[in-house]
Amino acid sequence: MKIKTFLALLVILVFTPVNNLKNNIRFAPANAITKVNLSPVGRIIEADGKVFLKRHNWSEYYPAFVGTELYASDKIQLTSQANLIAICYANWKTWSLPKNSISKTMDGCLKAKSQCVETPDGCVPLDTTRGLNQVVIADNIPYLISPRHTLLLPDKPLMLHWNPVVGVTRYTVIIKSPSEYIWETEVSENKVLYSGKIPLKTGVRYTAIIHANTEVSSLDEKSPFSKQDYLGIGFALISQYQQQEILAKSKELTQKLDDEARVLSIAKFYQKQGLNMEAIAILESFIESGNYTPAIYQVLGEIYQHIQLPRIAKNYYLKSAKLTAVDNIAGTAKIEAALGEVYATLGSHEEAIHWLTLAFNRYEKLGEFQRGNELKLSLEKLKQQLVEE
């Protein structure tokens, strides 16, 4: 297939609602004994009382908490005094378990679909960025923070925000499409509001470029995204029709849920639709209102890690780790593994080894040997790199 045709196909499919995308991704098991569904189907957004969770390869039930992601084969046990509400990724409906019961997640949430784009070469994941590959983003580069690797609602003001560089007094900001320059301005701060004089179009990938008067530029950041990724560091506007559907679902979630449950649900819904900046905005606004919870910090870490801003992701993960309950073994293991990946991405190998080792020990305790084996391979790779240094 010719490159232009292939890119055109990507443009069409990326703007197709996520629920219409087919999931042909198959993960090979680590061995013939252990087979794990790697796609979560939902997340706990409210939990009162004693709630316990057991995965298919766990020997026993462990306490579950707000923010815990659920997989199809998970079993959840509630005592007579407990309540639990989960949000299901497949249809964005809430699922409440009856008191004093044991139920499988698949009984309440349909199997979630991974986001991908159908191509002649198969189903290409939209999120192809996770891993231990180092991302070089130096402090002296005015790299873009927002809008970055995101779809945007078309009717909202566009605020651009980037890394402030010491010693820079002026920034030149440019917005361009693949075919033309749209806008240019000069500012002294590390943010600016787009004037909107030239309306941005839906279905067009835009890039923001920041030039500093010290002769460094956001272009000095080598894109950490796969060449198969349509958005890359750029952004695009969704259609008015898609916006109506998304806002209608957001309103429905707002009416049903309160406080942290509402924020977590809407943020995850936005993220799954590719609206990463919208998700970040609602989560950070919740924190600014004086709400500090491990689940909110964790989701922020996940999104910033996804859009390849590991320094910011690291800070949120550390805050989440500090607040996570001691008996939340599964949640702690996930955050520790994420911190290990982030530190490895930043090139901090000793810190990465520290956190991955903690996560490995917890997964071994839980009986998640496949995940443990993955971390073991990562640890061996990092230790070899330390020796070579």
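## The hairpin of β6 and β7

Let's begin at a turn in the chain. In this predicted model, strands β6 and β7 form a hairpin with five residues between them. One residue there, W92, takes a positive phi near 60°. The two strands pair in the antiparallel sense, and three bridges hold the pairing. If you want a place to see it, look at A86, which stands opposite W95 in β7.

Strand β6, residues 83-88, has a partner in β1 as well. That pairing with β1 (residues 42-48) is also antiparallel, and six bridges join the two strands. Here E46 stands opposite I85 in β6. How much of β6 is covered? Five of its six residues are buried, so the strand is mostly covered.

## A disulfide that starts in β6

How many disulfides does the model have? The count comes to one. C88 and C109 form it, with their sulfur atoms 1.9 Å apart. The pair links distant parts of the chain: C88 belongs to strand β6, while C109 sits in the loop between α2 (105-108) and β9 (116-119), 21 residues apart.

Are these two cysteines buried or exposed? Both C88 and C109 are buried. The torsion about their S-S bond is about -70°, so this disulfide is left-handed.

## Helix α7 and its buried side

Next, turn to helix α7, which covers residues 310-323. With 14 residues at 1.5 Å a residue, α7 should span 20 Å, and its end C-alpha atoms are indeed 20 Å apart, which agrees. Which residues of α7 are buried? They are P310, A313, Y316, Y317 and S320. These residues cover an arc of only 125° around the axis, which puts them on the same side of α7.

What do they pack against? The buried residues of α7 meet three other helices: α5 (276-288), α6 (294-306) and α8 (329-345).

## The nonpolar core

Helix α8 appears again in the interior of the protein. The largest nonpolar core has 107 residues, and α8 gives the most to this core, with 10 residues. The residues with the most contacts inside the core are I76, L160, I175 and L283.

I175 makes a good example to explore. Leaving aside residues up to four places away in sequence, I175 touches L158, L160, Y181, I182, W183, Y194, Y206, T207 and F235. L160, another of the residues with the most contacts inside the core, is among these neighbors of I175.

## A buried serine in a loop

Where is S218? Look in the loop between β17 (207-212) and β18 (235-237). Why does S218 count as buried? Its relative accessibility is 10%, and buried means under 20%, so S218 falls on the buried side of the cut-off.

Not counting residues up to four places away in sequence, S218 touches I141, P142 and Y143, along with A208, I209 and I210.

## The whole protein

Finally, step back for the overall view. The protein has 10 helices and 18 strands. Of its 389 residues, 50% are buried.

How far along the chain do contacts reach? Among contacts between residues at least 6 apart in sequence, 63% join residues at least 24 apart.

Conventions: Residues are numbered from 1 along each chain as its sequence is written. This is a predicted model: local features need pLDDT of at least 70, side-chain atom pairs count only at pLDDT 80 or more; totals for chains, interfaces and linings use all residues. Side-chain values use heavy atoms; hydrogens and water are left out. Helices (H or I, at least four residues) and strands (E, at least two) are DSSP runs, numbered from the N terminus. The expected span of a helix is 1.5 Å times one less than its number of residues. Buried means under 20% relative accessible area, exposed over 50%, partly exposed in between (1.4 Å probe, protein chains only). The arc is that of the directions from the helix axis to the C-beta atoms. Contact means heavy atoms within 4.5 Å. Two strands pair if DSSP finds at least two bridges between them. A disulfide is a pair of cysteine sulfur atoms within 2.5 Å. A nonpolar core is a set of buried Ala, Val, Leu, Ile, Met, Phe, Trp, Tyr and Cys residues joined through side-chain atoms within 4.5 Å.
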